[in-house]
Amino acid sequence: MDPLELLGHPVRLRIVHLMRGGQLLTATQLCARIRDVSQATVYRHLELLATGGVLEVADERRVRGAVERRYRLCQERAAITPETAARLTTDDHRRAFAMAMTVLLTEFNAYLDQDRAAPVEDLVGYRQHSVWLSDDELRSLIGELRRVIAPRLANGPTPDRSQHLLSPILFPIAEPPAGSE
């Protein structure tokens, strides 16, 4: 299955998000964390991700006569490569962005639906900023963001860490003013 098609489904992308940070999770654990989706649907998408090489079986054990598998994320397969992104059509980008926004909205609603949701205390943020940047400034900003974010992607779960969804979105909204250089 094509990487964009494989990662381009809201349930599969939510599974990938949950698996980040070196987590080893079973299908049962994933179902408990994605409560708004049926168990059969989670299992089906888990199998597609495993077949597509995005997830791999980390270990297996017998539980009440059945085999329980713990899955691990294959980080290098859980992203759209620059080469794949370069081949996307405008409509492909439109669909990918809509899917990403759908997942973001679904995850946010799932958070708010929890009894423990406390947006102010949890430092929830959803600000947007409009900035004017030259090509060099834009590349510099992207590099700075990568340097800040990338090391944290390897953080695993600990008793003092909560998993957060960080969604940097960047696209131009206006051309340079007429007569500017």
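Let's start at Phe-97, which is partly exposed, with a relative accessible area of 40%. Keep in mind as you look around that this is a predicted model.

What does Phe-97 pair with? Its partner is Phe-171, and the two rings meet edge-to-face, 6.1 Å centre to centre with 85° between the planes. Now trace where each ring comes from. Phe-97 sits in helix 6 (residues 90-112), while Phe-171 belongs to the segment after helix 7 (135-153), so this contact ties together parts that are 74 residues apart in sequence.

Stay with helix 6 and move along to Phe-108, another partly exposed residue, at 30% relative accessible area. Phe-108 forms an edge-to-face pair with Tyr-126, with 5.9 Å between the centres and 75° between the planes. Tyr-126 lies in the loop between helix 6 and helix 7, so here the pair ties together parts that are 18 residues apart in sequence. Is Tyr-126 buried or exposed? With a relative accessibility of 66%, it counts as exposed, because the cut-off for that label is over 50%. Tyr-111 joins in as well: ring pairs link Phe-108, Tyr-111 and Tyr-126 into a cluster. Across the whole structure, the search turns up 3 aromatic pairs.

Now over to the strands. Strand 2 (residues 55-63) and strand 3 (residues 66-73) run antiparallel to each other and pair over 8 bridges. To get your bearings there, find Val-57, which stands opposite Tyr-71 in strand 3. Then look at the turn: this hairpin has 2 residues between the strands, and Arg-64 takes a positive phi near 50°.

How values were computed. Residues are numbered from 1 along each chain as its sequence is written. This is a predicted model: local features need pLDDT of at least 70, side-chain atom pairs count only at pLDDT 80 or more; totals for chains, interfaces and linings use all residues. Side-chain values use heavy atoms; hydrogens and water are left out. Two strands pair if DSSP finds at least two bridges between them. Helices (H or I, at least four residues) and strands (E, at least two) are DSSP runs, numbered from the N terminus. Rings of Phe, Tyr and Trp (its six-membered ring) pair if their centres lie within 6.5 Å; planes under 30 degrees apart count as stacked, over 60 as edge-to-face and the rest as tilted. Buried means under 20% relative accessible area, exposed over 50%, partly exposed in between (1.4 Å probe, protein chains only).
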